[in-house]
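Here's a quick tour of a protein model, with an eye on its charged side chains. Take a look at the sequence and the fold before reading on.

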Amino acid sequence: MKNKSIISIAFLLLVASISFITSSCDIKSPIEGLEVRFTTIGRATNVSVDLRDANTGNQISSSNIVVRFEGKNKNDIVSELNEELSSISTDVGMVNFSLKDGVLPTPQNPVELLLIIEAQDYVTNSKLIKISKIGSSSFLVYLVNENNKPSGVTKTEVIGGTANNSGELQNNLSVKLTDPQTNGDIAIDIPASTSITSENGNPLRGNLRVEIEYYSNLTEDALRAFPGGFSVNTINAGTESSGVF
């Protein structure tokens, strides 16, 4: 009888264990069936800039295209994911960005940006743009390919002249090119003792290389690719306005 009792108790324990294991398999994960969705909030004002070759009219393609933001509203630029931007790097001829939430451009108070565009094999260009409305705005910038210039664009280069340790040019330097359309000469003379400095005002020393790139006013392709364009801000009697020169 004693042995039978032990066997009965053991059997009951085994059944209880199996029942516990079976029931434990029915416990569901607390996150089972949970669905997670991520959404992004659209920006109120979005901008696209189309970068095109001045000769072919096609979008440029380069392994190293950089668009930098300068100007009055340079700190108001974000990506579509609301990340602050000071520049955009890409390998295609189209860049997109947005304005910060709360920046609401109007015709009376437009957002002003100076775009600096650099691309391998292309002349660095800049464009002043004004965004005057909420929503979508688009702009077009033409760039000159150094190896495939449009009609009316001519370039020459002179290496000569030396600047001393103080940045003073030691000799006169003259650079000249001829407009192939009119046979007119364009010349720049740099006299000796001219101070040569970096953009930060530091004196430069050594040999000087001077490049002249001429954009004919007789050719539309040359005019539309003129670096910086012809739009400028002028101040007259204390009032700032936009114009062309």
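Of the 245 residues in this protein, 30% count as buried. Keep in mind that this is a predicted model. The accessible surface comes to about 15900 Å², and carbon and sulfur atoms account for 51% of that area.

As for the fold, the secondary structure comes to two helices and 14 strands. If you take the contacts between residues at least 6 apart in sequence, 58% of them join residues at least 24 apart.

Now for the charges. Side chains of opposite charge can pair when their charged atoms come close. How many salt bridges does the count come to? The count comes to eleven salt bridges, and three of those pairs are worth a closer look here:

| Salt bridge | N to O distance |
|---|---|
| K100 and E84 | 3.1 Å |
| R209 and E211 | 3.7 Å |
| R224 and D221 | 3.6 Å |

Start with K100 and E84, whose side chains meet in a salt bridge. Where do the two partners sit? K100 lies in the loop between strand 5 (94–99) and strand 6 (111–119), while E84 lies in the loop between strand 3 (77–78) and strand 4 (87–92), so the pair ties together parts that are 16 residues apart in sequence. On the surface side of things, E84 is exposed, with a relative accessible area of 62%, whereas K100 is partly exposed, with a relative accessible area of 23%. K100 doesn't count as buried because that label needs a value under 20%.

The R224 and D221 pair sits inside a helix: both residues lie in helix 2 (residues 220–224). They are three residues apart, about one turn of the helix. Are they buried, partly exposed or exposed? R224 counts as partly exposed, at 35% relative accessibility, and D221 is also partly exposed, at 24%.

Salt bridges can share partners too, and here they do: E146, K149, K155, R209 and E211 are joined into one network that way. Two members of this network, R209 and E211, form a salt bridge with their closest N and O atoms 3.7 Å apart. R209 counts as exposed, at 53% relative accessibility, because the exposed label applies over 50%. Its partner E211 counts as partly exposed, at 40%.

Terms used:
Residues are numbered from 1 along each chain as its sequence is written. This is a predicted model: local features need pLDDT of at least 70, side-chain atom pairs count only at pLDDT 80 or more; totals for chains, interfaces and linings use all residues. Side-chain values use heavy atoms; hydrogens and water are left out. Helices (H or I, at least four residues) and strands (E, at least two) are DSSP runs, numbered from the N terminus. Buried means under 20% relative accessible area, exposed over 50%, partly exposed in between (1.4 Å probe, protein chains only). Contact means heavy atoms within 4.5 Å. Accessible areas come from the Shrake-Rupley method with a 1.4 Å probe; for residues, only the protein chains shown count as cover. A salt bridge is a side-chain nitrogen of Lys or Arg within 4 Å of a carboxyl oxygen of Asp or Glu.
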